There are 4 protein chains.
Amino acid sequence: MPETAARLRRYSYLGPAGTFTEAALKQVPEAAGMDWAPVANIGEALDDVTSGVSDAAMIAIENSIDGGVTVAQDALATVPGLRIVGEYLVPVNFVLVVRPGVRLADIRVIAAHPVAYGQCRAWLDDQVPRHQHLPSTSNVQAVVDLLASDPDSAASVDAAIAPPGIEDHYPVEVLASHLADNPDAETRFVLVSRTAAVGEPTGADKTSVVAELPNDRAGALLELLEQFATRGVNLTLLASRPIGDRMGRYRFVIDAEGHVKEERVADALLGVKRFSPRLVFLGSYPRADRVAATTQKVYGDDVFRDARDWLRGVLDGSPDAED
Amino acid sequence: MPETAARLRRYSYLGPAGTFTEAALKQVPEAAGMDWAPVANIGEALDDVTSGVSDAAMIAIENSIDGGVTVAQDALATVPGLRIVGEYLVPVNFVLVVRPGVRLADIRVIAAHPVAYGQCRAWLDDQVPRHQHLPSTSNVQAVVDLLASDPDSAASVDAAIAPPGIEDHYPVEVLASHLADNPDAETRFVLVSRTAAVGEPTGADKTSVVAELPNDRAGALLELLEQFATRGVNLTLLASRPIGDRMGRYRFVIDAEGHVKEERVADALLGVKRFSPRLVFLGSYPRADRVAATTQKVYGDDVFRDARDWLRGVLDGSPDAED
Amino acid sequence: MPETAARLRRYSYLGPAGTFTEAALKQVPEAAGMDWAPVANIGEALDDVTSGVSDAAMIAIENSIDGGVTVAQDALATVPGLRIVGEYLVPVNFVLVVRPGVRLADIRVIAAHPVAYGQCRAWLDDQVPRHQHLPSTSNVQAVVDLLASDPDSAASVDAAIAPPGIEDHYPVEVLASHLADNPDAETRFVLVSRTAAVGEPTGADKTSVVAELPNDRAGALLELLEQFATRGVNLTLLASRPIGDRMGRYRFVIDAEGHVKEERVADALLGVKRFSPRLVFLGSYPRADRVAATTQKVYGDDVFRDARDWLRGVLDGSPDAED
Amino acid sequence: MPETAARLRRYSYLGPAGTFTEAALKQVPEAAGMDWAPVANIGEALDDVTSGVSDAAMIAIENSIDGGVTVAQDALATVPGLRIVGEYLVPVNFVLVVRPGVRLADIRVIAAHPVAYGQCRAWLDDQVPRHQHLPSTSNVQAVVDLLASDPDSAASVDAAIAPPGIEDHYPVEVLASHLADNPDAETRFVLVSRTAAVGEPTGADKTSVVAELPNDRAGALLELLEQFATRGVNLTLLASRPIGDRMGRYRFVIDAEGHVKEERVADALLGVKRFSPRLVFLGSYPRADRVAATTQKVYGDDVFRDARDWLRGVLDGSPDAED
């Protein structure tokens, strides 16, 4: 390696190649041609970022069927030094693959990531009613598990549930496609970097925070939501996660429409910050769906500026300040 | 008078001498020894201020029995260039006065300011059941009206309701004291000056504004009140007054605990300003009762500053900003 | 009068004939041909109802310029046994009347009810700049005061402000019309009877109550308003009146869209009743403007009934109750 | 079997014997001596109930570290005919077990239910840093997997994470105890039966529902929470779960303090029912912690009854109804 060679930017993702996470990473223009590092789980991916081994990590954060990826939510809530910088949506569907020559009727044990398995349950119950499920650690790992097993042993794995296109990477045959019960399922991924200055708004952004409540009254959650509502900030996600110290104590993962550099969002966060014993800012970033926030005129940046000008005039005693 | 003599500060008040308004003005240390100008009504008093004839005007704003002095509320809501700088409470009670020698049994027509008359109604109905009421423009003017009338004419005024101590100023005899139905009644006065820079908080202040709502939904008023509630700002007064253009449209006269130089009050006013099509700031001034605002710690100035510091760190990407 | 004659229904109103209150009473079809009793003030009118002397009383409750008629609001809040059964709007304008032959230039003293005087101030300042104001107890009484005064005395009254049509009742000449500053001003009247069973909804009704708050927190008023807002009930009036025991304690006079026999209104009142230390129901009655309440479908009577049916099924354990 | 033998009540639970779910079932006095049926997963347990094979099923619903058991939440939200009738808390801790004679240094592959694995991560990273994880379907199944594997094969399982006491059921040796990172962790279980009439309140109850929102505005969730807050009903859980049709649409799993036969809870549910396009009632049942609901006096059953009596009087026109 020549001395002057700049290190390529490095992206960690749940591997091996062929996973939905890799498909999400392919949506990132800046990642093209860079160093892509497959890792075994989300914790490892984020560790790579905090330790500086990687510049960013692509992690799944939510599935439209299964809900939040709790390990990702909890890691973002508790690991310092991370910032979400992008959001990506990947359609999720599955194929059933086997060693070449194996037929549907031969299948007894199926390797599958538990989330994938859950999404294909109806198809499997109908087509392979007597199967057994062997859990794998990723959708591609299921194929690795299939190929690693001894077809002649009593414990052989006969098939795997895998992402479409897997046959380009592994010597398997696709027996069936479109296994998922819901053909419109998709998974939401976020690209996470080390904490850095916030980027500029694009007009279609999202802001993510994690907030703890001052106490366990129902009123506290209401007060939290009012901080957003009174500034016209819509929420796209409100998920509760246990703080972990004892049953019944939760923190809330919140995705809000808009960017922290927009006045209404900044003002809402200030309100939450004053109120919450712990508020973690996860990032303001372009939305995957590119849908612009639906904001009423009264919550525009100019309205916030005008109000501050008015207040300044009030304090100074400017002649026309009171109106 | 030497050429170089500075003009004394001039205070307009509802006269003549002896009114409750004069009693309020006597509570103002800075007014002692200055030029006191009795005027005929609140409009005249405020005109004196806006035109520069007087430096300040003392006006009644609310009575604990009769409620808001609507002419004062409406003037403050619509006349530009005014600012409330102080608040004063005057206990209100009344005596019945007559020309010397007149007895209770002789009384037929009683001169009284309508507000005073209303407060003494029970006593009058009991003691002078067949009386007639002649409205006067002030409590002292009632005595003037009494003395001006011809005792021998059919239209003679026989008695007047007046403030205690009136007998020191006019040749009348006190027939009865403590006429008011409620012995604890008091009137709230405000000292009004021209618009000037806001003074410093004393820790026991009040802030007055007049706000119009964006439309006539019940929800709009709720949203207005939430601007105060979500910042922990208590209201001591919420009065509705017609805007005057058509039935059913109101502006709201609001007294809030605290001072506009306190963060929570300023922030609440910013919220109202963004929301309201018209917001008039009337002033932040020491409360007459000197009761400190009851504020929770989470609404303290330092909490607002900390939140802003936090937001700055978030935007800069400071390492520990997210927590 | 034959022995068997039934007593005519009797209506008390602020007289004498020719007042705006009489104009309101003329809008009541049932009152036509009945016994109309002019009285001197609102208290007397309501006394007639509670004592049984009259069957109903027409009283002014609000003016679009001057706001609530506080004596009426306070009487309804505190006198037991009354119920509002109708609402009426009367356009309010004024004429300037004189003894025949008197010219504008001759006018020095003008008799006027203080509210009327306030509404004509701009015209008077422009056309009769040097006039003096003599307060009268009603708009028609001003004419009586004019005619009773001695034109030759120093204290003669020269003109009166009166309702249009006054020349049909009294020997006066109209010198000018349309004196009021706001040509669209109107006064709202209510017809008050003794407490009786509530009538049926018309689809365009109003419900009036007076509520005290559990304490003086800003939050209490917010909570009161939420009782209406969470049931989709809009308010057309929220006025505060002092309870009277000490400064800063208020009751709220509330007009809500809809009828107590509509589920959403009844449910909101139940919520307020549970919450308020004192709630006075003043009546549900047809709106003067006949504007139907703007109610979303989710607040319809059928939705309330369906919810109760659902709850009954939940309690019974009906098979399809949970959905 | 004699003809007259009554069938024993049958309880399904996640087996085999020794699981935390079995520990929960042991807390049910009525289940003692009955027929206990171990099943492979939560879906099977609930199927047993809906099909009538079992009378009740004990299922895990939440862990204080991992949060909601989403498969249980989703099943309760979508499978008709179920009702929660009891709640139980089981302290959760773990031991590391091996085949007799195996030492810590020998361990390479560890079988563990993923939730258990997550809770012991810190201990494992410290004590067995190079281990691999094999996911199992239950904490006891991990031991079964350990014992079923061939110790001499390359894919042998060397250890399992299991509940304390497992050594009484299986021929294993406990190498280490108290593996869980949080020694106070506990899992919440619910006992589920077929839909039946709701039981009586005990004074320390919980009510569970699943609600969908009318649309995706932030305001809709706020409105949902207000239905509880305005009746003084505290929430102990608010969890969002995807409806599943598309990204960003959620239903909310709600646990509220109190019993549907308490007025405030019933009234809140009526409010939610009117508002929500789909509301599933899951049950009112005694709380595991036996903590009585913290209710203010104004939300007591008597206050609801008094309000209804008042409303009845208002409608009838009873003399003292308005106060």
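Two residues count as in contact if their C-beta atoms, placed from the backbone, lie within 7 Å. With that in mind, chain A and chain C of this predicted model do not touch, and their nearest C-alpha atoms are 12 Å apart. Chain B and chain D do not touch either, with their nearest C-alpha atoms 12 Å apart.

Now let us look inside chain A, beginning with strand 1. Four of the five residues of strand 1 (residues 10-14) of chain A are buried, so this strand is largely enclosed by the rest of the structure. Strand 1 of chain A has parallel pairings with strand 2 and with strand 3, and A:Ser12 has a partner in strand 2 and in strand 3:

| Partner of strand 1 (chain A) | Sense | Bridges | Residue facing A:Ser12 |
|---|---|---|---|
| Strand 2 (residues 35-39) | parallel | five | A:Ala37 |
| Strand 3 (residues 56-63) | parallel | three | A:Ala57 |

Between strand 1 and strand 2 of chain A comes helix 1 (residues 20-25), and together these elements make a right-handed β-α-β unit.

Helix 2 of chain A is the next stop. Which residues of helix 2 (residues 42-50) of chain A are buried? They are A:Ile42, A:Ala45, A:Leu46, A:Asp48 and A:Val49. These residues cover an arc of only 150° around the axis, which puts them on the same side of helix 2 of chain A. Their cover includes strand 1, strand 2, strand 3, helix 3 (70-78), strand 5 (82-91) and strand 11 (186-194) of chain A. Just after helix 2 of chain A, A:Gly52 adopts a positive phi of about 90°.

Definitions and conventions: Residues numbered from 1 in each chain as written. Chains lettered and ligands numbered in written order. Predicted model: local features only at pLDDT ≥ 70, side-chain atom pairs only at ≥ 80, totals over all residues. Buried ≥ 20, exposed ≤ 12 C-beta atoms within 10 Å, placed from the backbone. Helix = DSSP H or I, 4+ residues; strand = E, 2+ residues; numbered from the N terminus. Pairing = 2+ DSSP bridges. Right-handed = clockwise from strand over helix to strand, strands pointing away. Arc of directions from axis to C-beta.
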